[in-house]
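Visitor: I am new to this structure and would be grateful for a close look at a single part of it. Please take one helix and what surrounds it along the chain.

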Amino acid sequence: MTWVLRFHGVGNASAVELGSAMATLERDGGPWLTVDCGGEGLTAYHGRYGDMPDALFITHLHLDHVAGMERLFVASYFDPARRGKVRLYVPAPLVPLLHQRIASYPNVLAEGGANFWDAFQLIPVGDAFWHDGQRLEVFPVRHHWPETAFGLRLRGSVVWTGDTRPIPEMLARHADAGELIAHDCGLHGNPSHSGIDDLEREYPAALLARCVLYHYASADDGDALRARGHRIATPGEGIALSPPLAVALP
């Protein structure tokens, strides 16, 4: 069984040419679980797979990460084979915010008769959830406001930080099994996002060596990050992952 992390977009909210930060975990060559639903990212997803996602995890609710949700609603609601079956894993604190931001528009269809959530199987999640036989961990990150952004771990394979400042304490716990770490990082940091100086200051070299950086501002910034010795993700790139480790439950 082969596992790949496929980047649909790697840019920040202003870097349209790099695509919205979004990725899919592929298993045996097919999409398995998609992270986030940005507008450009959803277009890239459809271009690669010829269809819309069947299962998504949402990290947070800034629009470059959820702007594709309305289009996904339309694609799912009007397809009888998909309506109500598209799995949407959402950290529980985000559920009311997601409803307020995306789903509560009155009369989601002009003709009436439909609710936004009719198109999906909404699954609120806590610190872990199961998807297709695998257990994934969820953890809070440091982005914009407490308890509004979350990372994801498939133990032994990959950690996706989502948008975040440095989180050494979280990675010490949730990236301790040799995982590839897909980490938010630009050339310059700000109160909501990591800059490369932040990561080089906060993380040991061994941890940085496992990081692939995304959410940067431009192709030139990506080149500058690479010139400093770091690995960057590029749009459409697929990175081979180690198989997930079995989880021993109490």
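Guide: The following account concerns helix 1, with its buried residues and the backbone beside it. The model is predicted, so local features are given only at pLDDT of at least 70 and side-chain atom pairs only at pLDDT 80 or more, while totals for chains, interfaces and linings use all residues. Residues are numbered from 1 along each chain as its sequence is written, and side-chain values use heavy atoms, with hydrogens and water left out.

Helix 1 spans residues 39-49; helices (H or I, at least four residues) and strands (E, at least two) are DSSP runs, numbered from the N terminus. Its buried residues are G41, L42 and Y45, where buried means under 20% relative accessible area, exposed over 50% and partly exposed in between, with a 1.4 Å probe and protein chains only. These residues lie on the same side of helix 1 because they cover an arc of only 100° around the axis, the arc being that of the directions from the helix axis to the C-beta atoms. An α-helix has 3.6 residues a turn, so residues three or four places apart point the same way.

The buried residues of helix 1 pack against strand 1 (3-9), strand 2 (22-27), strand 3 (30-35) and helix 3 (69-77), contact meaning heavy atoms within 4.5 Å.

The backbone beside the helix also deserves attention. In the loop between strand 3 and helix 1 sits D36, a residue other than glycine whose phi is positive, near 75°. Most residues other than glycine have a negative phi. D36 counts as buried, at 0% relative accessibility. Just after helix 1, G50 has a positive phi of about 75°.
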